[in-house]
Amino acid sequence: MLSREENELLTRVGAATPMGRTMRRYWIPALLSREIEPDGPPVRVRLLGENLVAFRDSRGHIGLLDEYCPHRRASLFFGRNEECGLRCVYHGWKFDVDGSCIEQMNEPESFAHKVRVTAYPTCELGGLVWAYMGPAEKIPPLPKFAWTQAPESHRHVSKVVQECNWLQGLEGGLDTSHAPILHRLLRDNAAGGGGIKPSNPYVRAGAPRLVVDITDYGYQYTGLRQLGDAEQHVRTYHYILPFHQIRAASNEIGDWGDAGHAWVPIDDETTMVYNWVYSRKEALSEEERLERAIGNGPAHVDQTNFRSKANRANNYLIDRAAQKTDTFTGINGINVQDRAIQESMGPICDRSQEHLGPADKGIIQMRRLLREAVHTAEANGRPPGLDPSYYDLYCALQVLPRDVDWRAILAPDLGREKILQTV
């Protein structure tokens, strides 16, 4: 459990909060690259409680600006994206991607050189626009996760709004013990997409024993499950501060790629979940990009506002008949199931009422690392997860003999020299 004070520390992300200041030290996913085009309409972006607009100018450069014009505070969302700048339609003040005012249509004598609007640095990697909102002199290396370096044919990224605090989403993603319970199918030929078949070793194996290897970027954590008398089901994951998860891309096919999420705070009570997958072998098919089983594609998420079609208002379209015969939850889509459970905890979960156990080791260590990162950043230090030691990480899952060195087989990328502590 956390005290109420610790819970406030980790969940509040406004610019004046310790976690908010810490999170602004990292590169943060802001929107999908495909949402903006040269001279196309600007897009509203709400990030860490700040209202912003994004646009791509005539040269393809990206601007991420305070939504409100510094003249009379009209919204720049209504602006005209034209000739390498975004022009406010109220009085014609125009701003470039760096936030400099370059024209003032309503002023007989321009003083544009004296006016700026807040603008955040951006980079474009892996089909995402990333923003840096921290001190200019402390900008970190670019977020070159392995999946961002894959060719577009071999990767896919999507996003969906989650109606709760970011930490609830992250904790669900780092909780390996729930997956073969919440997401299980009751029979192999169950109707409805999304779930783990009862014949899958992940379901047939026992509850996991967790091993957490602390590193300079966060940790690798591994679920070891006994399978019969001589085998074990082994699955590795990575947590990269502050809100990234990497996992093996499939429960059944094997070591063909990775997948993961980033739980990015829109504000204290709303999260944008970025979902990605990449293949190290074959190009992704169009069917795979629809994300039917996972529940993040067009069948499950409105692509105009990125809100889930199954939500609290309609009880996540739960099918009680299917819950008896086909799926453990009666809810279609693996991540729809996650959203339903995580949102059911309320906008901000009261962690002072929890009762944690050994299966929560990954969550306990994540919270500790976040608290330490906040304390480091508040002391003007460099929080972990900013350096590029996570660039080449990958994950794996496999059924192995129980007496083999699973690290040597599944996690050679980590290396003993990178492990600061094992818990």
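The following questions and answers examine how terms are applied to this predicted model.

Q: Why is the contact between Arg-21 and Glu-378 called a salt bridge?
A: The term requires a side-chain nitrogen of Lys or Arg within 4 Å of a carboxyl oxygen of Asp or Glu. In this pair the closest N and O atoms are 2.6 Å apart, and the contact therefore meets the cut-off of 4 Å. The structure holds 24 salt bridges.

Q: What makes Arg-21 and Glu-378 a link between distant parts of the chain?
A: Arg-21 lies in helix α2 (residues 18-23), whereas Glu-378 lies in helix α9 (residues 361-378). The two residues are 357 residues apart, and the pair thus links distant parts of the chain.

Q: Why is Arg-21 called partly exposed?
A: Buried means under 20% relative accessible area and exposed means over 50%, with partly exposed in between. Arg-21 has a relative accessible area of 36%, so it is partly exposed. Glu-378, with 39%, is also partly exposed because its value falls between the two cut-offs.

Q: How do you know that Asp-213 and Arg-407 form a salt bridge?
A: The closest N and O atoms of Asp-213 and Arg-407 are 2.6 Å apart. The cut-off is 4 Å, so this pair qualifies as a salt bridge. Asp-213 belongs to strand β12 (residues 209-214) and Arg-407 to helix α10 (residues 406-410), with 194 residues separating them.

Q: Are Asp-213 and Arg-407 buried or exposed?
A: Both Asp-213 and Arg-407 are buried. The word buried means that the relative accessible area is under 20%.

Q: What makes the pair of Arg-292 and Glu-287 a salt bridge?
A: Their closest N and O atoms are 2.7 Å apart, and this distance is within 4 Å, so the term applies. Arg-292 has a relative accessible area of 42% and Glu-287 has 44%. Each value lies between 20% and 50%, and therefore both residues count as partly exposed.

Q: Which residues are joined into one network by salt bridges that share partners?
A: The network consists of Arg-80, Glu-82, Arg-87 and Glu-103.

Q: Why are β2 and β4 called edge strands?
A: The open sheet has three strands in the order β2-β3-β4, with antiparallel pairing. β2 (43-47) and β4 (62-66) each have a single partner strand, so one side of each is left without a neighbour in the sheet. Neighbouring strands here are turned by 30° against each other on average, direction ignored.

Q: How do you know that β3 and β4 are paired?
A: Two strands pair if there are at least two bridges between them. Five bridges join strand β3 (residues 50-56) to β4, so the condition is met. Within this pairing, the bridge partner of Val-53 is Leu-65 in β4.

Q: What makes β9 and β10 a pair of strands?
A: Four bridges join β9 to strand β10 (residues 128-132), and the requirement of at least two is therefore fulfilled. The two strands run antiparallel. Cys-123 stands opposite Trp-130 in β10.

Q: Which strands stand at the edges of the sheet with the order β1-β10-β9?
A: This open sheet of three strands has antiparallel pairing. Its edge strands are β1 (27-32) and β9 (122-125), each of which pairs on one side only. The twist averages 35° from one strand to the next.

Q: Why can Phe-328 belong to a nonpolar patch on the surface?
A: A patch residue must have over 30% relative accessible area. Phe-328 has 40%, so it passes this cut-off. Phe-328 forms the patch with Ile-181 and Leu-186, and together they have about 250 Å² of accessible area. Phe-328 is found in the loop between α7 (320-325) and α8 (334-343).

Notes. Residues are numbered from 1 along each chain as its sequence is written. This is a predicted model: local features need pLDDT of at least 70, side-chain atom pairs count only at pLDDT 80 or more; totals for chains, interfaces and linings use all residues. Side-chain values use heavy atoms; hydrogens and water are left out. Patches are made of residues with over 30% relative accessible area and no salt bridge: like charges are joined within 9 Å, nonpolar side chains (Val, Leu, Ile, Met, Phe, Trp, Tyr) within 5 Å. Accessible areas come from the Shrake-Rupley method with a 1.4 Å probe; for residues, only the protein chains shown count as cover. Buried means under 20% relative accessible area, exposed over 50%, partly exposed in between (1.4 Å probe, protein chains only). Axes are lines fitted to C-alpha atoms, for helices over the stretch in contact, and angles run from 0 to 180 degrees between N-to-C directions.
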